[in-house]
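Please open the structure in your viewer and keep the selection tool at hand. The tour below goes from one selection to the next and says what is there at each stop.

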Amino acid sequence: MNTTRTITFTLNGAPVTTTVGLHQHLVEVLHAQGLTGAREACAQGLCGCCTVLVNGIAVSGCLYLAVFADKADVKTIEYSPEGKLDAVQESFIECGAFQCGYCTPGFVLMVRQLLDEQLDPSDDDIKHYLAGNLCRCATYPEVVKAVKLAAKKRKVAA
Amino acid sequence: MTPFELAEPRSLREAAVLLTNGGEPAHAIAGGTALMLMMKAGVFQPKRLVSLRAIEPQHSEINVLPGGGLRIGAMATLRSLERSVLVKQAAPVITRTLKTLSNVRVRNVATLGGHLAHGDPHMDLPPVLTALGAHVRTLSPAGERTLAVGEVYTGYYETCLADDELIAELIVPPQTGWRSAYFKITTRAADDWPTLGIAVALRMEANVVREARLVVSAATNTPTRLSAAAGVLLGATPDAAILARCGDAAFAEVELVGDVHGSAPYKQELLRVYVARAIRGALVDRL
Ligand SMILES: Cc1cc2nc3c(=O)[nH]c(=O)nc-3n(C[C@H](O)[C@H](O)[C@H](O)COP(=O)(O)OP(=O)(O)OC[C@H]3O[C@@H](n4cnc5c(N)ncnc54)[C@H](O)[C@@H]3O)c2cc1C
Ligand code: FES
Ligand code: FES
């Protein structure tokens, strides 16, 4: 019975080849690569702490088989080609949109996706899009402010 | 999760063959969102999985059929349906339903085929597609068949699909003259699992209802047609009195079951009230 596979993927821009258990999910494999930005919290697709981009699409790493990422482009919160914070991260800091920060990587990745899809989301759009991200410190009002600020910053930069 | 083997066939036909010919019985996996939950909880411990992710790309496509119906491949993600202009034009009720069906990341990965085959009676699309008169086309080594979506479900997490039978595509008939709505009643967030789901499709001539399909879900073992309530609507103009009678008829004709999302008596009362609201929603069907 062959229950492992050697997979190759691009992780934050660099090629990775690694052998995974076919039953392992993506967060486990990222941790083995030393990346802890995506972390398993609810473990059932509800909280967004494990958000990872696979071929540019946000997935819950806790529900995503690592083998499905074979040959894919994988990006995590650690990806920072310019080595500095982006508009979304700056806005989260300026608005104090976190307390413990455990949920923040997932929020930041999801907000980037939201703003890629909608330049100027309304409060409702924001709440709706982020319904699958939970913050136990309850920073939701600040998160909504941060998204709006980030939308503005992106517009100014564009 | 316990270790398993994984096959990744290049065609749906090959996948169906692999489900039964490999000695150990195998199970299909598409997006994996539903199966991962079951595997993580330990209630499902497969020895072999057959991934549908490498099958022919046409199984992810959404097409309009001559006459205005839709053909949607089983591997289309829920997110691709949500964002499809074709779906929005042909059946806006599907687009609306998807907005509160779980969260963006799950919809990014979950497939229509997995959604339809899972058999959890809380799922949102089966009642809607039943009301729309949609069908699935399936494929197995024994051949192909077409089933009404409403026929797929035989019990709690049970479907009539054979072990080696896969859903290939969904066919939604043209909705010309029909108006539809789905009301998902949740007790926590709007995108939570429903406490009760009610789908309504009405064929109207001027203000008169000529055909009606009402379906209740999430409080029954399978999506269930409400025929007595639908009968009240036939030939009638749905005013306040008719809607009240319709709610009473629904209340009387079905016995709902309780779960963590609400007790049976609570759901039964919701049904009476929300049947009328869902019909009103259908009358103003738009995005
Ligand atoms: C956090 C979370 C919240 C959710 N909330 C909701 C909600 O509010 N409303 C709702 O309706 N749903 C909800 N869901 C369920 C979600 O819709 C399903 O998990 C998803 O649609 C399953 O699709 P999949 O492709 O991931 O299926 P998989 O997990 O891959 O498969 C599910 C089942 O379908 C079978 N299968 C897959 N493809 C086929 C095929 N082509 N033919 C035959 N059998 C097939 C598999 O063998 C398996 O038995 C939620 C799920 C999660 C994780
Ligand atoms: S840990 Fe994956 S969504 Fe919560
Ligand atoms: S900042 Fe603590 S969980 Fe969100």
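Leaving aside its neighbours within four places in sequence, which residues is A:Leu85 in contact with? Select A:Leu85 and look around its side chain: apart from those sequence neighbours, A:Leu85 is in contact with A:Glu90 and A:Ile93. Keep in mind throughout that this is a predicted model.

**A loop residue in chain A**

With A:Leu85 still selected, trace the backbone on either side, and you will see that A:Leu85 is found in the loop between β5 (73-75) and α2 (87-95) of chain A. Is A:Leu85 buried, partly exposed or exposed? Because its relative accessible area is 42%, A:Leu85 counts as partly exposed, a class that lies between the limits of 20% and 50%. Now add A:Asp123 to the selection and draw a distance between the two C-alpha atoms, which are separated by 24 Å although the residues are 38 apart along the chain.

**A second loop residue**

Next, select A:Thr139, whose place is in the loop between α4 (123-129) and α5 (140-157) of chain A. A:Thr139 has a relative accessible area of 5%, and is therefore described as buried. If you display what surrounds this residue, not counting residues up to four places away in sequence, you will find that A:Thr139 touches A:Ala97, A:Phe98 and A:Gln99. For one of these, A:Ala97, show the backbone as well, since its oxygen lies 3.4 Å from a polar atom of the side chain of A:Thr139.

**The two domains of chain A**

Now colour chain A in two parts, using residues 4-75 for domain 1 and residues 81-157 for domain 2. The contact between them takes 13 residues from domain 1 of chain A and 11 residues from domain 2 of chain A. The centres of these domains, taken over C-alpha atoms, are 22 Å apart. About 930 Å² of area is buried between domain 1 and domain 2 of chain A, and carbon and sulfur atoms give 57% of this. To see where domain 1 of chain A touches domain 2, select β3 (51-54) and β4 (57-60) of chain A, each of which supplies at least two residues of that side. Five residue pairs are in polar contact across this interface, while the count of salt bridges between the two domains is zero.

**Where chain B meets chain A**

Show both chains together, and turn to the interface at which 30 residues of chain B are in contact with 32 residues of chain A. The area buried between chain B and chain A is about 2400 Å², of which 61% comes from carbon and sulfur atoms. There are 13 residue pairs in polar contact across the interface of chain B and chain A, and four salt bridges are found there as well. To inspect a salt bridge, select A:Glu117 and B:Arg83, whose closest N and O atoms are 3.7 Å apart. Then select β1 (5-7), α2 (33-40) and α6 (104-109) of chain B, each supplying at least two residues of the side that touches chain A. Which element gives the most to that side of chain B? It is α6(B), with six residues.

**A hairpin in chain B**

For the last stop, select residues 135-140 and 143-148 of chain B, which are the strands β6 and β7, paired in the antiparallel sense over six bridges. A hairpin of two residues joins β6(B) to β7(B). Finally, pick out B:Val136 and look across to β7(B), where B:Leu147 stands opposite.

How values were computed: Residues numbered from 1 in each chain as written. Chains lettered and ligands numbered in written order. Predicted model: local features only at pLDDT ≥ 70, side-chain atom pairs only at ≥ 80, totals over all residues. Heavy atoms only, no water. Pairing = 2+ DSSP bridges. Helix = DSSP H or I, 4+ residues; strand = E, 2+ residues; numbered from the N terminus. Buried < 20%, exposed > 50% of the residue type's maximum accessible area, 1.4 Å probe, protein only. Polar contact = N/O pair within 3.5 Å; in protein donor to acceptor, adjacent residues only side chain to side chain. Contact = heavy atoms within 4.5 Å. Domains from an automatic or database assignment. Buried area = accessible area lost by both parts, 1.4 Å probe. Salt bridge = Lys/Arg side-chain N within 4 Å of Asp/Glu carboxyl O.
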